[in-house]
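Thank you for sending this entry over for comment. Please have the sequence and the coordinates open while reading the remarks below.

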Amino acid sequence: MLLSRLLCVRPGVTALTGGGGKTAAMYRLARELRREGTVICTTTTRILPPDHLPVADSGAELAAALARLGCVCAGAPAEEGKLGAPGLPVAALAALADYVLVEADGSRGLPVKAHLAHEPAVPPEAGLTVVLAGASGFGRPVREAVHRPERFCALTGAAAEEPVTAENLARLLEAEGIGDMVFINQAESAGAMEAARRLAGLASRPVFAGSLWGGIWTCLS
């Protein structure tokens with residue numbers, strides 16, 4: 001099954017938050033959704049520029065790229081060679097394309113993200129928000145696997161030296177209450193999938209798991 005259908009992505013704005021695969025999920029969804037309509041990939045934080053899509057910032061540039069290719073990345077140059085949020089608001093992007101995919105969080109490349117009060121930067125236009133976490137974080141100390149480990153500890157009661165587990169990650173997700181569903185990426189081993197299943201049993205939202213790199217995924221709840 002296509003990832004976009006598994007997650008029930010509809011026309012409009014979809015936001016991706018958390019850690020462990022937001023960019024991979026955005027571009028995977030973009031490839032699939034391009035078959036259904038036009039797609040804009042963008043960010044409300046910062047992302048690396050894609051090497052497979054044109055980057056534009058003005059409405060005219062975006063419209064031209066969509067007419068030519070059907071898919072474009074919207075962003076403005078930022079520090080360290082990255083792209084920041086485009087000049088156009090998300091509502092304007094949604095008027096240009098059938099689908100707008102927004103990377104709405106930063107995790108510094110770590111598999112798990114705990115959020116401060118002002119995070120994540122989900123646009124109000126988002127009709128669907130997916131929270132991602134990487135199974136590569138399971139078994140690693142919180143201080144190594146989590147962006148904002150102090151916040152993770154405060155919300156879950158775990159110590160910084162303790163490992164990330166299905167149970168304390170579920171406590172984090174429940175305490176934060178962010179998003180409509182959870183996707184556990186990097187679940188490429190039997191152990192990782194079993195941890196994802198335990199997490200799904202503790203979650204109040206739908207949980208999916210699989211490997212964005214491998215192109216396999218399933219619904220766990």
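The points that follow go from the overall chain to a helix, a sheet and a pair of cysteines.

1. Please keep in mind throughout that this is a predicted model. The protein chain contains eight helices and 14 strands, and its radius of gyration of 17 Å is close to the 17 Å that the globule rule gives for 221 residues, so the chain is as compact as a globular protein of that length. Along the principal axes, the C-alpha atoms fill a box of roughly 50 × 35 × 30 Å.

2. On burial and contacts, 51% of the 221 residues count as buried, while the accessible surface of the protein chain comes to about 9500 Å², with 54% of that area belonging to carbon and sulfur atoms. Among contacts with a separation of 6 or more, 70% are made by residues 24 or more positions apart.

3. Helix 2, residues 22-33, has a length that can be checked: its 12 residues should span 16 Å at 1.5 Å a residue, and the end C-alpha atoms are 16 Å apart, which agrees. The buried residues of this helix are Lys-22, Ala-25, Met-26, Tyr-27, Leu-29, Ala-30, Glu-32 and Leu-33, a list in which Lys-22 and Glu-32 appear alongside Ala-25 and Leu-29. As background for reading that list, an α-helix has 3.6 residues a turn, so residues three or four places apart point the same way.

4. One open sheet is formed by three strands in the order 3-7-6, with antiparallel pairing. Strand 3 (46-47) and strand 6 (76-77) stand at the edges with a single partner strand each, so one side of each is left without a neighbour in the sheet. Strand 6 pairs with strand 7 (residues 83-84) in the antiparallel sense over two bridges, and within strand 7 the bridge partner of Ala-76 is Gly-84.

5. Which cysteine sulfur is nearest to that of Cys-41, and how far away is it? It is the sulfur of Cys-71, at 4.5 Å, and Cys-41 is in no disulfide. A disulfide requires sulfur atoms within 2.5 Å, so the 4.5 Å between the sulfur of Cys-71 and that of Cys-41 is too far for a bond; the structure as a whole holds zero disulfides.

6. The surroundings of these two cysteines can be described by their accessibility. Cys-41 counts as buried because its relative accessibility is 0%, and Cys-71 is buried as well, with a relative accessible area of 8%, where the cut-off for burial is under 20%.

Note on methods. Residues are numbered from 1 along each chain as its sequence is written. This is a predicted model: local features need pLDDT of at least 70, side-chain atom pairs count only at pLDDT 80 or more; totals for chains, interfaces and linings use all residues. Side-chain values use heavy atoms; hydrogens and water are left out. Two strands pair if DSSP finds at least two bridges between them. Helices (H or I, at least four residues) and strands (E, at least two) are DSSP runs, numbered from the N terminus. Buried means under 20% relative accessible area, exposed over 50%, partly exposed in between (1.4 Å probe, protein chains only). The radius of gyration is taken over C-alpha atoms; the globule rule is 2.2 Å times the number of residues to the power 0.38. Contact means heavy atoms within 4.5 Å. Accessible areas come from the Shrake-Rupley method with a 1.4 Å probe; for residues, only the protein chains shown count as cover. The expected span of a helix is 1.5 Å times one less than its number of residues.
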